[in-house]
Amino acid sequence: MAIEDVFEIRNLLYSYCWLIDSGDFEGVCQLLKDADISYGGKLTYSRDPEGYMQTLKPIVRYKDGTTKTVHMCIDPIIEVAEDGLTATARSYTVVLQGITKKFPPQIIWIDRKFDTFVKEEGKWNIQYSYND
C-alpha cells in the first residue's frame, strides 16, 4: 500500500462533498457512475448515474448555484488491500446548512458511510457506497 493510494481515496470522499455543495450534480453523478449505492441496507442505485440524478434534482440550488450546504466527511478510516487494487473506507457524513442573514448553520443530516473502491488502470473509483 502506498500513501498515495490513501490520499487518492480520501480525495474521492472529499470530492463528493465539494461537488454537491457547489451544486455540481453532474459531477456527483460522474463520480458515482460506476458505483452501487445503498441506503439503509437497500440497494438503491446500481451504476445508474441518471437515476441518481433524479435524487439530486429536488435539492435547491440558490442564485449562486450552490446548495448552501457544507457536507463533511469526518474521520475516514481507509484500508487498502495488500494487492493494492481494492480498498475500504468508513466515515461519518455531517451536513450543515445555513443562509447568511436568514438562518444560522444547523445540522440537517448525519450518517455513517461504508465505501469500497477498486483501482482500475491506475485510478481509484468508488465501487460501492453504503449509507447507514
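With which side chain does the side chain of Ser38 make a polar contact? The partner is the side chain of Tyr128, at 2.9 Å. The model in which this pair is found is a predicted one. Ser38 belongs to strand β1, residues 36–39, and it counts as buried because its relative accessibility is 3%, where the limit for buried is under 20%. Setting aside residues up to four places away in sequence, Ser38 touches Leu43 and Thr44 as well as Tyr128, Ser129, Tyr130 and Asn131.

Tyr130 leads on to the aromatic pairs, of which the whole structure holds two. In one of them, the ring centres of Tyr45 and Tyr52 are 5.4 Å apart and the planes stand at 85°, so this pair is edge-to-face. Both Tyr45 and Tyr52 are buried. The other pair is formed by Phe114 and Tyr130, with ring centres 6.0 Å apart; the planes are at 45°, so the pair is tilted. It connects distant parts of the chain, since Phe114 lies in strand β5 and Tyr130 in strand β6 (residues 123–131), 16 residues apart. Phe114 is partly exposed, its relative accessible area being 30%. Tyr130 is also partly exposed, with a value of 21%.

Next to Phe114 in sequence comes Lys113, which is placed in strand β5, residues 103–120. Is Lys113 buried or exposed? It is buried, because its relative accessible area of 14% falls under 20%. Beyond its neighbours within four places in sequence, Lys113 is in contact with Ala89, Arg90, Ser91 and Thr93, and also with Ser129, Tyr130 and Asn131. Lys113 also lies over the face of Tyr16, 5.2 Å from the ring centre. A second charge over a ring is that of Arg61, which sits over the face of Phe25 at 4.1 Å from the ring centre.

Ala89, one of the contacts of Lys113, is also the bridge partner, in β4, of Ile78. Strands β3 (residues 69–80) and β4 (residues 86–99) run antiparallel and are joined by 10 bridges. The two strands form a hairpin with five residues between them. Within the turn, Gly84 has a positive phi of about 70°.

The nonpolar interior can be taken next. The largest nonpolar core contains 27 residues, and Val28, Tyr52 and Phe117 are those with the most contacts inside it. At least two residues of this core come from each of α1 (3–21), α2 (25–31), α3 (49–56), β3, β4 and β6. Helix α1 gives the largest share, eight residues.

Phe117 shows which parts of the chain come together around one residue of this core. Apart from neighbours within four places in sequence, its contacts include Ile9, Leu12 and Leu13, then Leu85, Thr86, Ala87, Thr88 and Ala89, and finally Trp124, Asn125, Ile126 and Gln127. Ile9, in helix α1, is buried, with a relative accessible area of 0%. With the same sequence neighbours left out, Ile9 is in contact with Ile78, Val80, Ala87, Phe117 and Trp124. The C-alpha atoms of Ile9 and Thr116 are separated by 9.7 Å, although the two residues are 107 residues apart along the chain.

Notes:
Residues numbered from 1 in each chain as written. Predicted model: local features only at pLDDT ≥ 70, side-chain atom pairs only at ≥ 80, totals over all residues. Heavy atoms only, no water. Pairing = 2+ DSSP bridges. Helix = DSSP H or I, 4+ residues; strand = E, 2+ residues; numbered from the N terminus. Buried < 20%, exposed > 50% of the residue type's maximum accessible area, 1.4 Å probe, protein only. Contact = heavy atoms within 4.5 Å. Phe/Tyr/Trp six-rings, centres within 6.5 Å; stacked < 30°, edge-to-face > 60°. Lys NZ or Arg CZ within 6 Å of the ring centre and 35° of its normal. Core = buried A, V, L, I, M, F, W, Y, C linked by side-chain atoms within 4.5 Å. Polar contact = N/O pair within 3.5 Å; in protein donor to acceptor, adjacent residues only side chain to side chain.
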